Amino acid sequence: MSASYRPDVDGLRAVAVLAVLAFHAFPSLAPGGFTGVDVFFVISGYLISGIILDDIERSRFSVAYFYWRRIRRIFPALVLVLAACLAIGWVVLLPDEYLQLGRQVAAGAGFLANVALWMQAGYFDWAAEMKPLLHLWSLGVEEQYYLAWPLLLYAFRRHALALIVAMGVASFALNLYMTAVAPSAAFYLPFTRFWELLIGSYLAVVSTKDASHVKAIAGAVLVVAGFALIHGERAFPGAWALLPAVGTALLISAGPQAWLNRTVLSHPAAVAVGLISYPLYLWHWPLLSFARIVQQGEIPAATRIGLLALSFLLAWATYQFLEKPIRFGVKLRRIAVPGLATAMVLAGIAGAMALRGAIEPHSASVPMVGEISRAAEDWRYRGDKVIAGDTPKAVLFFGDSHMQ
């Protein structure tokens, strides 16, 4: 750990990921738990911008090295989860479902999940619970931010604060507008989300080490209020996203010695969960989603609890045996990035092959299943008409607008 390491920030990560898990497994307990992602955005902007600024100050900043470290941080767990999803899907999914999974894997490997989900959003879109890699949208937003941000921060290093404020105000204004006119775009696309990461970047520029108990308490109130008051019917992100974003900013700016940060967020149990928060976030949703697909509906509470427990176990193992050796091990440092980059490309190719039907799941070999799935794929809805498929058989569709 570096000298500037803050255990309370890892504790804050734990709060964020636990809120997301609670929402995904038991949404009535924390209807706004999905705003834990917004907490992550602010934390990410704070930590990554702090690293960049520190490197600039020490005259050792390198764009190549920044992405080198980023790959070692993000790729190991993500490649593993993408491969696991393709394997699990091969066993439990029907052919048409596996095609959709292939699209999600390809988009996730290219850090374009948010764009792909935005393009799919609509009346005939699959239910969110049936998308095992739905949660990768947030990773797409973050990585799209970091495509340009290191270069901008370096180029405008003498005017970093002005740059952050200008970009943040523009992004927040666009967020308000798009939430009103195109809510799906506002939720998924990067430019309406960058202001949250920029709040964290602002903290990295102006942060102080002075403890403020009032700030910490006020921040905690805002974050918890977001978990309790925000729900799926709210116009989100919009102004509602200020609750988790500003609350997180207050908690971070309160300093590690604020009572709440020192005693609660820095508690060893909170820090332990925070350290595995990234693989925990990656693992939990595919497990819940695959179970719901197999069940064709909601799964029993006991099953959900068991899957969350399995998520913790997988996250811990991923962190201990994959992430730590690659990020901190000397032996793997030279080969890690080329190997991880190759593995991610291969995962994307495998997803594209599944999407095109070049890789078929086990169920395709079951009599009639493959034929029925291919017939279902003949249906192509284009808003005002149905385009005929290529099956040689005549098919009669009988039902209402949900018959597909």
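This passage walks through the charged pairs, aromatic rings and one helix of a predicted model. Residues are numbered from 1 along each chain as its sequence is written, and side-chain values use heavy atoms, with hydrogens and water left out. Because the model is predicted, local features need pLDDT of at least 70 and side-chain atom pairs count only at pLDDT 80 or more, while totals for chains, interfaces and linings use all residues.

A good place to start is with the salt bridges, defined by a side-chain nitrogen of Lys or Arg within 4 Å of a carboxyl oxygen of Asp or Glu. The structure holds 13 of them. One of these joins D38 to R193, with 2.7 Å between the closest N and O atoms. D38 belongs to helix α2 (residues 36-57) and R193 to the loop between α8 (183-188) and α9 (194-206), so this pair ties together parts that are 155 residues apart in sequence. Helices here are DSSP runs of H or I with at least four residues, numbered from the N terminus. Both partners are buried, a term for under 20% relative accessible area, with exposed meaning over 50% and partly exposed in between (1.4 Å probe, protein chains only). The relative accessibility is 1% for D38 and 0% for R193.

Further along helix α2, D55 forms a salt bridge with R69, the closest N and O atoms being 2.8 Å apart. R69 lies in helix α3 (residues 63-92), so the pair ties together parts that are 14 residues apart in sequence. D55 is buried at 5% relative accessible area, whereas R69 is partly exposed at 26%. Salt bridges that share partners join D54, D55, R58, R60 and R69 into one network. Within this network, D54 and R58 are bridged with a closest N and O separation of 3.1 Å; D54 is partly exposed at 27% and R58 is exposed at 54%.

Another arginine, R327, lies in helix α15 (residues 301-328) and is partly exposed, at 22%. Leaving aside neighbours within four places in sequence, R327 is in contact (heavy atoms within 4.5 Å) with R72, R73 and R333. R327 and I74 are 253 residues apart in sequence, yet their C-alpha atoms are 9.8 Å apart in space.

Turning to the rings, those of Phe, Tyr and Trp (its six-membered ring) pair if their centres lie within 6.5 Å; planes under 30 degrees apart count as stacked, over 60 as edge-to-face and the rest as tilted. The structure holds 18 aromatic pairs. Among them is the edge-to-face pair of Y145 and Y146, at 5.1 Å centre to centre and 75° between the planes; both tyrosines are buried. Elsewhere, ring pairs link F23, F34, F41, W137, F187, Y188 and F236 into a cluster.

Charges also sit over rings, which requires NZ of Lys or CZ of Arg within 6 Å of the ring centre and within 35 degrees of the ring normal. R193, met above as the partner of D38, lies over the face of F187 at 4.7 Å from the ring centre. Likewise, the charged end of R157 sits over the ring of Y154, 4.3 Å from its centre.

Finally, helix α14 (residues 277-295) has 19 residues and should span 27 Å, which agrees with the 27 Å between its end C-alpha atoms. The expected span is 1.5 Å times one less than the number of residues. Since 17 of the 19 residues of α14 are buried, the helix is largely enclosed by the rest of the structure. Q296 follows α14 and has a positive phi, near 60°.

Note on methods. Helices (H or I, at least four residues) and strands (E, at least two) are DSSP runs, numbered from the N terminus.
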